[in-house]
Amino acid sequence: FAAQRHVLTYMEDAVSQLLENREDISQYGIARFFTEYFNSVRQGTHILFREFSFVQATPHNRASFLRTFWRCFRTVGKNGGKYSSICYLLTAQEYHCLLQLLCPDFPMELTQKAARIVLMDDAMDCLMSFSDFLFAFQIQFYYSEFLESVAAIYQDLLAGKNPNTVIVPTSSSGQHRQRQPPNDCNPLEGVEASLFYQCLESLCDRSKYSCPPSALVKEMLSSAQRMTFYGFLMALAKDQAINRALGALPDKGDLFLDPAMDQELEKLVAQVSGLSVSGPASSSADTANMPVRNSPRINSPWKPLHHRRKMDAESEGSNEETDSSEN
C-alpha cells in the first residue's frame, strides 16, 4: 500500500521541507507542519509553485496539477465561447506561460507535444481553444512515459516488426528486440489497429508507469482498421471514458462548471467592489482598511496555509488579463 500510494515520496519531501525551513516551522511546531503538509497532499494543493521534478513525481501529483491548472485558468475557455475569434484562443507559448505560473520550470517540450496532438504537426504558432489543449495536455502529461513507449512500438510496426515478438520498451528494459524485414506499410496510412492493440496490451501489462485502461483502449481501436500515431493520441484525448478513469478533470460538457471556485471568485469580486465604491476621496482610508495579503513566496512552498491564498492570487491575475483583453 505504501509503495502504491508513494508514501515514501511524500515523507521524504516533508522531511526535506522541514529541514530547509526549520527556523520558521519551529514557531508553531513540527506536529502542525506535518498535519498541514499531508492535508495539502490530500487536497491537491501541495504541487503549487513546486519544481517540475516534484510535480511529476507521482500520479497523484500529476492529477493534482491538472486539476489545479483547470481550476485556475478555466475562465480562459469559459469566456472564449463569446470572444474566441478575438482573443481567447491561445498559442502553445501562451499556454506554456500559464503552466509556468504554477510550476516555474515546467518544460516547454511537454507543452509542444500536447500542442502537436491538437494541431497534428501543423504550425506550432496556431491558436488552440482551452478545452482542446487541456484534454491533449492531460494525456501527454499524465501518460508521458506510456506515450514514449507507444511511439517506439508504432515505429517498429511501421518497419514491419512482428507484434508477437515485441518486448515492450520501458525505462529499465534494455533487452534485445527481435526484428523482421520491413513491409511496404505507408506511414500516412498508419498501422493495423488490431496489431497495434496487441502491442499496447502487452505494454500496459509490463509497464510500471501509468497507462490508460486496456479495455478502453481496445474499445477505442476496435472501431478503426488502421491507426496513425497522432490519430491515436487525439482519440485518447477525446475519449471521455478515459478521462473519467483518470479522474483529474470533469467531462467536457462540465469543463467550465466549478461552483466552489465560482463562489470564491464572487467573494473576491464583492470584496474588491466594496473597497472601491467610495471613490478617490477616501482612497487612503480604504487602503488602510484593506485586508493584508502576503505576497506569494516561491521559496516557501511548504506552507500549506498559504496555498489557497496563492491560488486566489493566480485566479485574480487570470481574470484581470481576461478583462483587459476584452477592452
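**Exercise 1. Is Cys 199 buried or exposed?**

Solution. Cys 199 has a relative accessible area of 1%, so Cys 199 is buried. Buried means under 20% relative accessible area, exposed means over 50%, and partly exposed lies in between (1.4 Å probe, protein chains only). Cys 72 is also buried, with a relative accessible area of 2%. Next, look for disulfides, each a pair of cysteine sulfur atoms within 2.5 Å. A search of the whole structure finds zero.

Before going on, note the ground rules. This is a predicted model: local features need pLDDT of at least 70, side-chain atom pairs count only at pLDDT 80 or more, and totals for chains, interfaces and linings use all residues. Residues are numbered from 1 along each chain as its sequence is written, and side-chain values use heavy atoms, with hydrogens and water left out.

**Exercise 2. Describe the protein as a whole.**

Solution. Start with the elements. The protein has 17 helices and two strands. Helices (H or I, at least four residues) and strands (E, at least two) are DSSP runs, numbered from the N terminus. Then take burial: 43% of the 327 residues count as buried. Finish with contacts, meaning heavy atoms within 4.5 Å. Among contacts between residues at least 6 apart in sequence, 69% join residues at least 24 apart.

**Exercise 3. Work out the surroundings of Asn 243.**

Solution. Step one is location. Asn 243 sits in helix H14, residues 240-246. Step two is burial. Relative accessibility is 2%, so Asn 243 counts as buried.

Step three is contacts. Set aside neighbours within four places in sequence; Asn 243 then touches Phe 135, Gln 138, Leu 249, Pro 250 and Asp 251.

Step four is polar contacts. These are pairs of N or O atoms within 3.5 Å; within protein, one must be able to donate a hydrogen and the other to accept it, and residues adjacent in sequence count only if both atoms are side-chain atoms. A polar side-chain atom of Asn 243 lies 3.1 Å from the backbone oxygen of Pro 250. For the backbone oxygen of Leu 249, the distance to a polar atom of the Asn 243 side chain is 3.4 Å.

Step five is a partner along the chain. Pro 212 is 31 residues from Asn 243 in sequence, and their C-alpha atoms are 9.2 Å apart.

**Exercise 4. Describe how H1 packs on H3, and how H7 packs on H8.**

Solution. Two packed helices are described by the angle between their axes and the distance between the axes. Axes are lines fitted to C-alpha atoms, for helices over the stretch in contact, and angles run from 0 to 180 degrees between N-to-C directions.

Take H1 (residues 7-20) and H3. Their axes are 11 Å apart, at an angle of about 135°. That makes H1 oblique to H3. The class depends on the angle: under 35 degrees is roughly parallel, over 145 roughly antiparallel, 65 to 115 roughly perpendicular, and the rest oblique. H1 passes H3 in a right-handed crossing. A crossing is right-handed if the near helix is turned clockwise from the far one by less than a right angle, and left-handed if anticlockwise. Residues of H1 at the meeting include Tyr 10, Met 11 and Leu 18; those of H3 include Phe 33, Phe 34 and Tyr 37.

Now take H7 (residues 92-102) and H8 (residues 108-119). The axes come within 10 Å and cross at roughly 130°. That makes H7 oblique to H8. The crossing is right-handed. Ala 92, Gln 93, His 96 and Leu 99 of H7 meet Met 108, Thr 111 and Ala 115 of H8.

**Exercise 5. Place Phe 49 and Gln 100.**

Solution. Phe 49 lies in the loop between helix H3 (30-43) and helix H4 (52-55). At 5% relative accessibility, Phe 49 counts as buried. Check the backbone too: phi of Phe 49 is near 60°, a positive value in a residue other than glycine. Gln 100 is in helix H7. At 28% relative accessibility, Gln 100 counts as partly exposed. The two residues are 51 apart along the chain, with 8.6 Å between their C-alpha atoms.
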